[in-house]
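Please look through the sequence and the structure shown below, and keep both at hand while reading. The paragraphs that follow go from one place in the chain to another and end with the protein as a whole.

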Amino acid sequence: MKRGRLAAVVLCIICILTGCSGFSPEVTGVSINKKGRITQVVRENFDKDYYSKKEVESEISAGIKAYNESVGSKCVKKTGFSVKNDVAVLRMTYASAKDYADFNNIGFYLGDILGAVQAGYAFEGKFLEVSGGKVKETDPIWGSQIMSGKNYKTIVIEEAMLVEAPGDIKYVSENMKVTGKSTAVLEETGRAYILYE
């Protein structure tokens, strides 16, 4: 019993020192912590006839090095890359939402409703109310109603993926599927919103 506890403590220490996370989705996704740091897991089919693991890993490392040199800090890190059963799994960390957006050249916002509106996000379309990780059996509300209410913390994405928010989800845009108290997935590329507290 003591040996088991010791092993668990050692594993926790290793995770803390290496920056690993318990975030291991079955699909591509991001997890955001309370300080705005982002952990990304990318899962893609890997055809060994066209690519080698070494070549892909080398390209990823070169891209990270170039980005970090351009911003003058190690804001983006690769924490793992593996290929198993023709599926490549890449783990990355980003110091901020801006680093994630700039490195991946994709729209991504993390802040609050007011900041999102100032950044040009229009909150168009309908939103679903969420409680306890489930969509409420109520009619969807318009984004304009969301904008005139509480200034919720906000995540805006523009690519198909799972998102783990650092709090309880309260609303999602109609194109998102809620999968838990703090998780939701966008299954098709497009702009989507998560509001949480």
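**A walk through the predicted model**

Thr93 touches Arg37, Ile38, Thr39, Cys75, Val76, Lys77 and Thr79, when residues up to four places away in sequence are not counted. This is a predicted model, and every value in the text is to be read with that in mind. Thr93 belongs to strand β4, which covers residues 87–94. Its relative accessible area is 3%, and because buried means under 20%, Thr93 is counted as buried. Between the C-alpha atoms of Thr93 and Lys78 there are 6.5 Å, although the two residues are 15 places apart along the chain.

Lys84 offers a second example of two residues separated along the chain, and here the question is again how far apart they are in space. Lys84 is found in strand β3, made of residues 76–84, and with a relative accessible area of 62% this lysine is exposed. From Lys84 to Phe46 the separation is 38 residues in sequence, while their C-alpha atoms are 8.8 Å apart in space.

The next stop is a helix, α3, which spans residues 97–104 and in which Ala97, Asp99, Tyr100 and Ala101 are buried. As a general point, an α-helix has 3.6 residues a turn, so residues three or four places apart point the same way. Where α3 starts, a side-chain oxygen of Ser96 comes to within 3.4 Å of the backbone nitrogen of Lys98.

How is α3 placed with respect to helix α2, and at what angle do their axes cross? In general, two packed helices are described by the angle between their axes and the distance between the axes. Helix α2 consists of residues 53–71, and its axis and that of α3 come within 11 Å of each other and cross at roughly 125°. An angle of this kind falls in neither the parallel, the antiparallel nor the perpendicular range, and α2 and α3 are therefore oblique to each other. The crossing of the two helices, α2 and α3, is right-handed. On the side of α2 the contact is made by Gly63, Ile64 and Tyr67, and on the side of α3 by Lys98, Asp99, Asp102 and Phe103. Sorted by class, the residues in this contact of α2 with α3 are three nonpolar, one polar and three charged.

After α3 the chain goes on to Asn105, whose phi is positive. Most residues other than glycine have a negative phi, which is the background for reading the next two residues. Phi of Asn105 is near 55°, a positive value in a residue other than glycine, and Asn105 is placed in the loop between α3 and β5, the latter being residues 108–112. Phe123 likewise has a phi near 55°, again positive in a residue that is not glycine, and Phe123 lies in the loop between α4 (113–118) and β6 (126–131). Are these two loop residues buried or exposed? Asn105 has a relative accessible area of 69% and is exposed, whereas Phe123, at 2% relative accessibility, counts as buried.

Further along the chain, Ser173 is part of strand β11, which runs over residues 169–173. With a relative accessible area of 4%, Ser173 is buried. A polar atom of its side chain lies 2.9 Å from the backbone nitrogen of Tyr193. Tyr193 also appears among the residues in contact with Ser173, together with Lys126, Phe127 and Ala192, once neighbours within four places in sequence are left aside.

Which residues does the side chain of Thr183 reach through its polar atoms? Thr183 is located in strand β13, residues 183–186, and its relative accessible area of 15% makes it buried. The side chain of Thr183 makes a polar contact with the side chain of Thr179 at 2.8 Å, and it reaches the backbone nitrogen of Gly180 at 3.1 Å. Apart from neighbours within four places in sequence, Thr183 is in contact with Val163, Glu164, Ile169 and Val178.

Finally, the protein can be taken as a whole. It contains five helices and 14 strands, and of its 197 residues, 37% are buried. Among the contacts with a separation of 6 or more, 58% are accounted for by residues 24 or more positions apart.

Key: Residues numbered from 1 in each chain as written. Predicted model: local features only at pLDDT ≥ 70, side-chain atom pairs only at ≥ 80, totals over all residues. Heavy atoms only, no water. Buried < 20%, exposed > 50% of the residue type's maximum accessible area, 1.4 Å probe, protein only. Helix = DSSP H or I, 4+ residues; strand = E, 2+ residues; numbered from the N terminus. Polar contact = N/O pair within 3.5 Å; in protein donor to acceptor, adjacent residues only side chain to side chain. Axes fitted to C-alpha atoms, helices over the stretch in contact; angles between N-to-C directions. Parallel < 35°, antiparallel > 145°, perpendicular 65-115°, else oblique. Left-handed = near helix turned anticlockwise from the far one by under 90°. Contact = heavy atoms within 4.5 Å. Nonpolar A, V, L, I, M, F, W, Y, C, P; charged D, E, K, R; others polar.
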